[in-house]
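Open the model in your viewer and keep the selection panel at hand. The tour moves from the whole chain to single elements and ends at the ligand.

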Amino acid sequence: MALAFDEYGRPFIILREQESKSRLRGLDAQKANIAAGVAVSRILRTSLGPKGMDKMLQSPDGDITITNDGATILEQMDVDNQIGKLMVELSRSQDYEIGDGTTGVVVMAGSLLEQAEKLLERGIHPIRVAEGFEISSRIAVDHLEKIADKFDFSATDIEPLVQTCMTTLSSKIVNRCKRSLAEIAVKSVMAVADLERKDVNLDLIKVEGKVGGKLEDTELIYGIIVDKDMSHPQMPKQIEDAKIAILTCPFEPPKPKTKHKVDIDTVEKFQTLRKQEQKYFDDMVQKCKDVGATLVICQWGFDDEANHLLMHRNLPAVRWVGGVELELIAIATGGRIVPRFQELTTDKLGKAGLVREKAFGTTKDRMLYIEHCANSKAVTVFIRGGNKMMIEETKRSIHDALCVARNLIRNNSIVYGGGAAEISCSIAVEAAADKYPGVEQYAIRAFADALDSVPMALAENSGLQPIETLSAVKAQQIKENNHCFGIDCNDTGTNDMREQNVFETLIGKQQQILLATQVVKMILKIDDVISPSDY
Ligand code: ADP
């Protein structure tokens, strides 16, 4: 595209390869963009809430994902419309910043776009709409601050945190085990949290999965696990107060290379060589013992003879451990990786309270648990499940729960879920609209309507009459001046979300509103779309 001027100095745009481009301008551009954004959000709408549906996505190479996590659905959908991609980004940023509420944010943005379209059709300029939305989002965010409740918990009383994580998990496939998974999530966050600085480093929580067993077998390990076993079946399965030598050098006698020549022509010579080799390895084992190692973890393999000798000399060993895992073990146990055998010294040994090998089922599948490590607070959530899809979805659900617990430690304000916060904001925004004399007033009212779309979607997905349910709850909130009423998705008989323990974090909800408004404003400001025509 180039800008040129005609003989009177008037500018005009030259589009290169004009015939192969299509161009939409003005209202057409906005409408096309809105339609694209709304289409993406409609897909997610049915996944919202505890009764939301799951989506099954198949990748080009046949891998199947079943999930109801907004960010994951959009990530795997391979959206190639540019506006659609903005919605994907929207969900991703919510995931990145907060970790939960990724479906809600897209549903909210979609309904803001639908409302914006109506306003544009009535002849209101997009900039006015954008400004109105901006004002409303600020009103809503401030209102959330006002209705937020403080949430008390301590290192000894984690029950409230568990309850909140359960709300997050209740809309996932893992719903069945939400209590135990929520407990695992909270305990692992507490294990790595710095409550004084209100900080949680989620990198210290590793989430691992292995196909097999039941979801109920999912466990929290105060340490790390490695998908390896002791090199010999008769080595001890449990080592307390382990001192670990972490080797990246070969743990066996050096093998003659092709450029060496060894002439063996008598039995004696062969036996001498063999003895020497044995002694060499014996010395290596002795050296490990001398520095005080009670376990050797090695990146390389060693042959059966060496293995037998290790068993005999009572020095348990693990072979073929990957580089990344070795590093992790070294960090967690406070040990140093030893690249040359001569460099092995006592101070380079890693320390762990307990190293144990655990077998699973009848498949002879064994894993190594390294627990109570010296240096690190690192913990591992070890997920079991019937198939890979289930494990992947559980990993995503646990991630959401971990993020919720982390957010609450960072900021312990909460608002009520089930659409209660949105309905309360909608009432506040609607009330504020009258104070604005200009055209923004319409946009502000539209924003209030858009806020209603979240509780409506929740009601719809739970098989309730959306409009009737919403208006009843809204009336109840106004009448009783209580912002805790939301949609009773699970048909528990009460729609007081405080009673049902359905909370969401204040920062999560605020972020949803801010991010959704931002994206919608961006889409509204595009009035020219130039693209290749085959697109
Ligand atoms: P997201 O990816 O946005 O977190 P979810 O599918 O997890 O989407 O749904 C979250 C929505 O469901 C929130 O609005 C939350 O308040 C609501 N919700 C969760 N559990 C319940 C429940 N038991 N009753 C009513 N609403 C609930």
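The stops below each give a selection and then what is found there.

**Whole model**

Begin with everything shown, and colour by confidence. This is a predicted model. The protein has an average pLDDT of 87, and 97% of the residues score at least 70. For the complex, the predictor reports an ipTM of 0.96 together with a pTM of 0.79.

**Domains**

Next, give each domain its own colour. Domain 1 takes 18-150 + 415-532, domain 2 takes 152-212 + 386-411, and domain 3 takes 224-375. With domain 2 and domain 3 selected, the distance between their C-alpha centres is 35 Å.

**Domain 3: β11, β16 and β17**

Select residues 365-373, which form strand β17. Add residues 223-226, strand β11: this strand runs antiparallel to β17 and is joined to it by four bridges. Within that pairing, I224 has I370 of β17 as its bridge partner.

Now add residues 350-360, strand β16, which pairs with β17 through eight bridges, again in the antiparallel sense. Show L354 here and look across to β17, where E371 stands opposite.

**The β9-β18-β10 sheet**

Clear the selection and pick 205-211 and 219-221, which are β9 and β10, then 379-385, which is β18. Together they make an open sheet of three strands in the order β9-β18-β10, and the pairing is mixed. β9 and β10 each have a single partner strand and stand at the edges, so each has one side without a neighbour in the sheet. From one strand to the next, the twist averages 25 degrees.

Zoom in on β10 and β18. Three bridges hold this pair, which is antiparallel. I221 is a residue to label, with T380 in β18 as its bridge partner.

**Two helices across the sheet**

Keep the sheet displayed and add residues 178-192, helix α7. Helix α7 lies across β9, β10 and β18, and its direction makes an angle of about 165 degrees with β18. Then add residues 388-410, helix α11. Helix α11 lies across β9 and β18, running at about 160 degrees to β9.

**The β6-β19-β20 sheet**

Move to another open sheet, with three strands in the order β6-β19-β20 and antiparallel pairing. Select 149-150 for β6 and 503-505 for β20; these are the edge strands, and each pairs on one side only. Strand β19 covers residues 413-416 and is linked to β6 by two bridges, in the antiparallel sense. Label K150 and S413: S413, in β19, is the bridge partner of K150.

**The ligand**

For the last stop, centre on the ligand. Which residues come closest to the ligand? They are T103, G104, S171, G417 and G418, out of 28 residues that surround the ligand. Colour α4 (102-121) and α13 (440-461), the elements that give two or more residues to this shell. The largest share, three residues, is that of α4.

Recolour the shell by residue class: 18 residues are polar, seven are nonpolar and three are charged.

Finally, bring back the domain colours. Why does the ligand lie between domain 1 and domain 2? Both domain 1 and domain 2 give residues to the shell, so the ligand is placed between them.

Notes: Residues numbered from 1 in each chain as written. Predicted model: local features only at pLDDT ≥ 70, side-chain atom pairs only at ≥ 80, totals over all residues. Pairing = 2+ DSSP bridges. Axes fitted to C-alpha atoms, helices over the stretch in contact; angles between N-to-C directions. Contact = placed C-beta atoms within 7 Å. Near = placed C-beta within 6 Å. Nonpolar A, V, L, I, M, F, W, Y, C, P; charged D, E, K, R; others polar. Domains from an automatic or database assignment. pLDDT = per-residue confidence, 0-100.
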